[in-house]
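Student: I've got a new model open on my screen and I'd like to talk it through. Can we go over it piece by piece?

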Amino acid sequence: MDNEISLLKNNDNRTDSDLEKVQEFYKFLQGEVPNGIVVNERTTLNLSQETAFTIIWYLQEHLSIFPDQIEKCSICDELYNSYSEGYHSEKRDLFMCSSCDDGIDDDDVEDTDEADSFLP
Ligand SMILES: [Zn+2]
């Protein structure tokens, strides 16, 4: 997949993928400051994984700054590129990275309340 995120500046040393850029931002929102930038300790963020991904989701869906194929695994909370890995179960409302994909296809899930038994 070609990278879609176009940086306005500091392009020279950025050879990382879109997934890596979004992962770095996801961790930044949770308080992990990347090398090369300085943030005042008092203003370092400490958001939960859910809140951090809500911000990423907004940047994907409403501002179209981040590509929307970057998903958060519902099981391990890691980000992954859904174009190259993972599975989304609409019936179970689950996003699964390749490590957490249980191999259960939506076609094998009954379309009843029993589907809830698959939720972690
Ligand atoms: Zn996972």
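Tutor: Sure, let's begin with Ile 70, which is found in strand β1. Strands here are DSSP runs of E with at least two residues, helices are runs of H or I with at least four, and both are numbered from the N terminus. Keep in mind that this is a predicted model, where local features need pLDDT of at least 70, side-chain atom pairs count only at pLDDT 80 or more, and totals for chains, interfaces and linings use all residues. Residues are numbered from 1 along each chain as its sequence is written.

Student: Is Ile 70 buried or exposed?

Tutor: We count the other C-beta atoms, placed from the backbone, within 10 Å of a residue's own: 20 or more is buried, 12 or fewer is exposed, and in between is partly exposed. Ile 70 has 25 such neighbours inside 10 Å, so the label is buried.

Student: Which residues is Ile 70 in contact with, leaving aside its neighbours within four places in sequence?

Tutor: A contact means that two C-beta atoms, placed from the backbone, lie within 7 Å. On that basis, the partners of Ile 70 are Asp 18, Leu 19, Val 22, Leu 79 and Asn 81.

Student: Which residues have the most contacts inside the largest nonpolar core?

Tutor: A nonpolar core is a set of buried Ala, Val, Leu, Ile, Met, Phe, Trp, Tyr and Cys residues joined through C-beta atoms within 7 Å. The largest one has 14 residues, and those with the most contacts inside it are Val 22, Tyr 26, Ile 56, Ile 70 and Leu 79.

Student: Which elements each supply at least two residues of this core?

Tutor: For background, nonpolar side chains tend to be buried together in soluble globular proteins. Tyr 26 of the core touches Ala 52, Phe 53, Ile 56 and Leu 79, not counting residues up to four places away in sequence. Back to that largest core of 14 residues: the elements giving at least two residues each are α1 (18-29), α2 (49-61), β2 and β4.

Student: Why are α1 and α2 called oblique to each other?

Tutor: Axes are lines fitted to C-alpha atoms over the stretch in contact, and angles run from 0 to 180 degrees between N-to-C directions. Under 35 degrees is roughly parallel, over 145 roughly antiparallel, 65 to 115 roughly perpendicular, and the rest oblique. α1 and α2 have their axes 9 Å apart and pack at an angle of about 135 degrees, so the pair counts as oblique.

Student: Which residues make that contact between α1 and α2?

Tutor: From α1 come Val 22, Phe 25, Tyr 26 and Leu 29. The α2 side is made by Ala 52, Phe 53, Ile 55 and Ile 56.

Student: What is unusual about phi at Asp 77?

Tutor: Most residues other than glycine have a negative phi. Asp 77 sits in the loop between β1 (70-72) and β2 (79-81), and is partly exposed because 15 other C-beta atoms lie within 10 Å. Though not a glycine, Asp 77 has a positive phi of about 70 degrees.

Student: And is Asp 93 buried or exposed?

Tutor: Asp 93 is in the loop between β3 (87-89) and β4 (94-96), and its phi is also positive, near 55 degrees. Asp 93 has 11 C-beta neighbours inside 10 Å, so the answer is exposed.
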